[in-house]
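Student: I would like to check the labels used for this model. Let us set each value against its cut-off.

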Amino acid sequence: MRNPKNGENLRPGFWDDLSLEELNPSEWEALCDGCGKCCLLKLEDADTGEVHYTGVACRLFDHFHCRCRNYAQRLDLISDCILFTPESVAETSGWMPETCAYRLRHEGKPLPAWHYLKSGDKELVHSLGHSLRGKRIRNERGVPASRLEDHVLDDPSAGTIE
C-alpha cells in the first residue's frame with residue numbers, strides 16, 4: 001500500500017465522487033488497499049486472452065507489508081512492472097484483482113466495505129484475508145519462468161493462495 005500522509009490532499013469521499021482522471025496524486029495513491037495481488041505474476045492464455053494468477057510474487061514484493069520494497073524505483077528495476085495511470089487501468093483492468101479499487105472505480109463500481117477508505121481500518125484487508133499477508137506465496141527468484149504454470153491459482157480473489 002502506498003502511504004500518503006494522513007489527510008494530505010485527500011478530498012472527502014473522493015473514492016465515490018470522482019473519476020480516476022479527476023484524482024490528484026495523493027488520492028490516486030490512497031486508492032490502493034494494500035492487498036498485494038497486483039504483484040503476483042500472471043500468465044495470459046494466448047488463445048483466449050484469459051489471465052491466470054500464479055502463487056509467485058515479484059522479487060520486490062514485501063510479503064509482510066504487502067507492498068513493493070522499492071516502489072519509487074520499481075519501473076527501473078522490473079522491466080514488466082506497469083505504471084498505473086487512468087489510461088493504463090483501462091488497458092490492464094482485466095488482469096487486476098476483482099477487488100482492486102482502481103479496477104472497481106474504472107468499472108464505475110463502489111469500493112468494498114472493508115477498504116480502509118470506507119472502514120477507516122488499514123488492517124481490515126489483511127484480517128479478512130483479502131491480501132497476500134500470511135499466504136503461502138513464492139518469490140519469483142525461486143521459480144523458473146518455465147515452471148510458472150505449476151503455480152496457477154484457482155481463485156486469487158477469494159484469497160486461496162497455497
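Tutor: Start with the salt bridge: a side-chain nitrogen of Lys or Arg within 4 Å of a carboxyl oxygen of Asp or Glu. By that rule the structure holds 5 salt bridges. This is a predicted model, where local features need pLDDT of at least 70, side-chain atom pairs count only at pLDDT 80 or more, and totals for chains, interfaces and linings use all residues. Residues are numbered from 1 along each chain as its sequence is written, and side-chain values use heavy atoms, with hydrogens and water left out.

Student: What makes Glu-107 and Arg-103 a salt bridge?

Tutor: Their closest N and O atoms are 3.0 Å apart. That is within 4 Å, so the pair qualifies. The link does not end there: Arg-103, Glu-107 and Lys-109 are joined in a network of salt bridges.

Student: Why does Arg-103 count as buried?

Tutor: The cut-offs are on relative accessible area: buried is under 20%, exposed is over 50%, and partly exposed is in between (1.4 Å probe, protein chains only). Arg-103 has 16%, so it counts as buried. Its partner Glu-107 has 34%, so it is called partly exposed.

Student: How do you know that Arg-133 and Glu-123 meet in a salt bridge?

Tutor: The N to O distance is 2.7 Å. The limit is 4 Å, so the pair passes. Arg-133 sits in the loop between helix H7 (124-127) and S5, and Glu-123 in the loop between helix H6 (116-119) and H7, so the bridge ties together parts that are 10 residues apart in sequence. Helices here are DSSP runs (H or I, at least four residues) and strands are DSSP runs too (E, at least two), numbered from the N terminus. At 42% relative accessible area, Glu-123 is partly exposed.

Student: What makes Arg-147 and Asp-150 a salt bridge?

Tutor: The closest N and O atoms are 2.5 Å apart. Again the value is within 4 Å, so the label holds. Arg-147 is partly exposed at 46%. Asp-150 is partly exposed at 48%.

Student: Which residues form the negative surface patch?

Tutor: Glu-21, Glu-22, Glu-87 and Glu-91 form it. Asp and Glu count as negative, Lys and Arg as positive; His and the chain ends are not counted. A patch takes residues with over 30% relative accessible area and no salt bridge, with like charges joined within 9 Å. For Glu, the place of the charge is CD.

Student: Why is Glu-91 called exposed?

Tutor: Its relative accessible area is 68%. The line for exposed is over 50%, so Glu-91 is exposed. It also clears the 30% asked of patch members. Glu-91 lies in helix H4 (residues 86-92).

Student: What is the order of the strands in the open sheet?

Tutor: The order is S1-S2-S5, 3 strands with mixed pairing. Strand S1 (40-44) and strand S5 (138-139) are the edge strands, as each pairs on one side only.

Student: How do you know that S1 and S2 pair?

Tutor: Two strands pair if DSSP finds at least two bridges between them. S1 and strand S2 (residues 51-57) have 4 bridges, in the antiparallel sense. The count meets the rule, so they pair. Two of the matched positions: Glu-44 has Val-51 as its bridge partner, and Lys-42 stands opposite Tyr-53. The hairpin of S1 and S2 has 6 residues between the strands, and Gly-49 takes a positive phi near 80° there.

Student: How many bridges join S2 to S5?

Tutor: There are 2, and these strands run parallel. The rule asks for at least two, so this pair passes as well. Ala-57 stands opposite Asn-139 in S5.

Student: Why is S2 mostly covered?

Tutor: In S2, 5 of the 7 residues are buried. Val-51, in strand S2, is partly exposed at 25%. Its C-alpha is 7.5 Å from that of Gly-94, 43 residues apart in sequence.

Student: Is Cys-66 buried or exposed?

Tutor: Cys-66 is buried, because its relative accessible area is 2%. It lies in the loop between strand S3 (61-62) and strand S4 (67-68). Its phi is near 55°, a positive value in a residue other than glycine.

Student: Why does Pro-25 count as exposed?

Tutor: Pro-25 has 66% relative accessibility, so it counts as exposed. It lies in helix H2 (residues 25-30).

Note on methods:
Patches are made of residues with over 30% relative accessible area and no salt bridge: like charges are joined within 9 Å, nonpolar side chains (Val, Leu, Ile, Met, Phe, Trp, Tyr) within 5 Å. Accessible areas come from the Shrake-Rupley method with a 1.4 Å probe; for residues, only the protein chains shown count as cover.
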